[in-house]
Amino acid sequence: MPLKWIDSLDIALDLLETHPEIDPETIRFTDLREWILALDSFDDDPEHCNERILEAVQACWIAEQ
C-alpha cells in the first residue's frame, strides 16, 4: 500500500529503517522532505507537503527511535 503525506507514523518507520544513523531531532525539513519523496513506498503529490506534515513525521520518528 503506497504511503501518503497523512501516514506520518508509517513514513517515520520507513525513515528509521532507511536512515538509522540520523538523529531526527537535528534533521532539516528540506532533507526530510527529500528523503520522504525518495522512499520506494511513498506515492503522493510532492506539492501537498507543508511544515505541519513534516513536523508530524519528525515527531513520530523521534518517538519511535
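Start by selecting Gln58, which sits in helix H3. You're looking at a predicted model, so keep that in mind as you click around. Is Gln58 buried or exposed? Its relative accessibility is 14%, so Gln58 counts as buried, the cut-off being under 20%. Now show what surrounds the side chain. Leaving out residues up to four places away in sequence, Gln58 touches Pro24, Glu25, Ile27, Phe29 and Leu32.

**Zoom out to the whole chain**

Switch to a cartoon view. The secondary structure comes to 3 helices and 0 strands, and from the N terminus on the order is α-α-α. Want a box for your viewport? The C-alpha atoms fill roughly 25 × 25 × 15 Å along the principal axes. For 65 residues, a compact globule would have a radius of gyration near 11 Å, and the protein has 10 Å, which agrees.

Color by accessibility next. Of the 65 residues, 29% count as buried. If you'd rather draw a contact map, take the contacts between residues at least 6 apart in sequence: 73% of them join residues at least 24 apart.

**Select H2 and H3**

Hide everything except these two helices, H2 (29-38) and H3 (51-64). How do H2 and H3 pack? Their axes are 10 Å apart, and the angle is about 80 degrees. Angles from 65 to 115 degrees count as roughly perpendicular, so that is the label for H2 and H3.

Turn on side chains at the contact. From H2, pick Phe29, Leu32, Arg33, Trp35 and Ile36. From H3, pick Glu51, Leu54, Glu55, Val57, Gln58 and Trp61. Gln58, where you began, is on that H3 list. Color by class and you get 7 nonpolar, 1 polar and 3 charged residues.

**Into the core**

Bring the rest of the chain back and look for the largest nonpolar core, which has 15 residues. Which of them touch the most other members? Select Trp5, Ile11, Leu15, Leu32, Ile36 and Phe42. H1, H2 and H3 are the elements that give two or more residues to this core, and the largest share, 4 residues, comes from H3.

Center on Ile36 and show its contacts. Not counting residues up to four places away in sequence, Ile36 touches Trp5, Ile11, Leu15, Phe42, Leu54 and Val57. Two of those, Leu54 and Val57, also turn up on the H3 side of the contact with H2.

**Along the loop between H1 and H2**

Follow the chain out of H1 (8-18) and stop at His19, in the loop that leads to H2. Despite the loop address, His19 is buried, with a relative accessible area of 15%. What is His19 in contact with, once neighbours within four places in sequence are set aside? Trp35 and Trp61. Both tryptophans also take part in the contact of H2 with H3, Trp35 from H2 and Trp61 from H3.

Stay in the loop and move on to Asp23. Asp23 is partly exposed, at a relative accessible area of 34%. Draw a distance from Asp23 to Asp7, C-alpha to C-alpha: the two are 20 Å apart in space and 16 residues apart in sequence.

**A few last picks on the helices**

Go to Asp31 in helix H2. Its relative accessible area is 26%, which makes Asp31 partly exposed. Add a C-alpha distance to Lys4: you should read 18 Å, for a pair 27 residues apart along the chain.

Then jump to Ala56 in helix H3. Ala56 counts as partly exposed too, at 31% relative accessibility. Its C-alpha lies 9.1 Å from that of Ala12, with the two positions 44 residues apart along the sequence.

**End at the N terminus**

Finish with Met1, in the segment before H1. Is Met1 buried or exposed? Exposed, with a relative accessible area of 95%. One last distance: from Met1 to Pro24, C-alpha to C-alpha, it is 25 Å, for residues 23 apart in sequence. Pro24 should look familiar, as one of the residues that Gln58 touches, and that brings the tour back to where you started.

Technical notes
Residues are numbered from 1 along each chain as its sequence is written. This is a predicted model: local features need pLDDT of at least 70, side-chain atom pairs count only at pLDDT 80 or more; totals for chains, interfaces and linings use all residues. Side-chain values use heavy atoms; hydrogens and water are left out. Buried means under 20% relative accessible area, exposed over 50%, partly exposed in between (1.4 Å probe, protein chains only). Contact means heavy atoms within 4.5 Å. A nonpolar core is a set of buried Ala, Val, Leu, Ile, Met, Phe, Trp, Tyr and Cys residues joined through side-chain atoms within 4.5 Å. Axes are lines fitted to C-alpha atoms, for helices over the stretch in contact, and angles run from 0 to 180 degrees between N-to-C directions. Angles under 35 degrees count as roughly parallel, over 145 as roughly antiparallel, 65 to 115 as roughly perpendicular and the rest as oblique. Ala, Val, Leu, Ile, Met, Phe, Trp, Tyr, Cys and Pro count as nonpolar, Asp, Glu, Lys and Arg as charged, and the others, Gly among them, as polar. The radius of gyration is taken over C-alpha atoms; the globule rule is 2.2 Å times the number of residues to the power 0.38.
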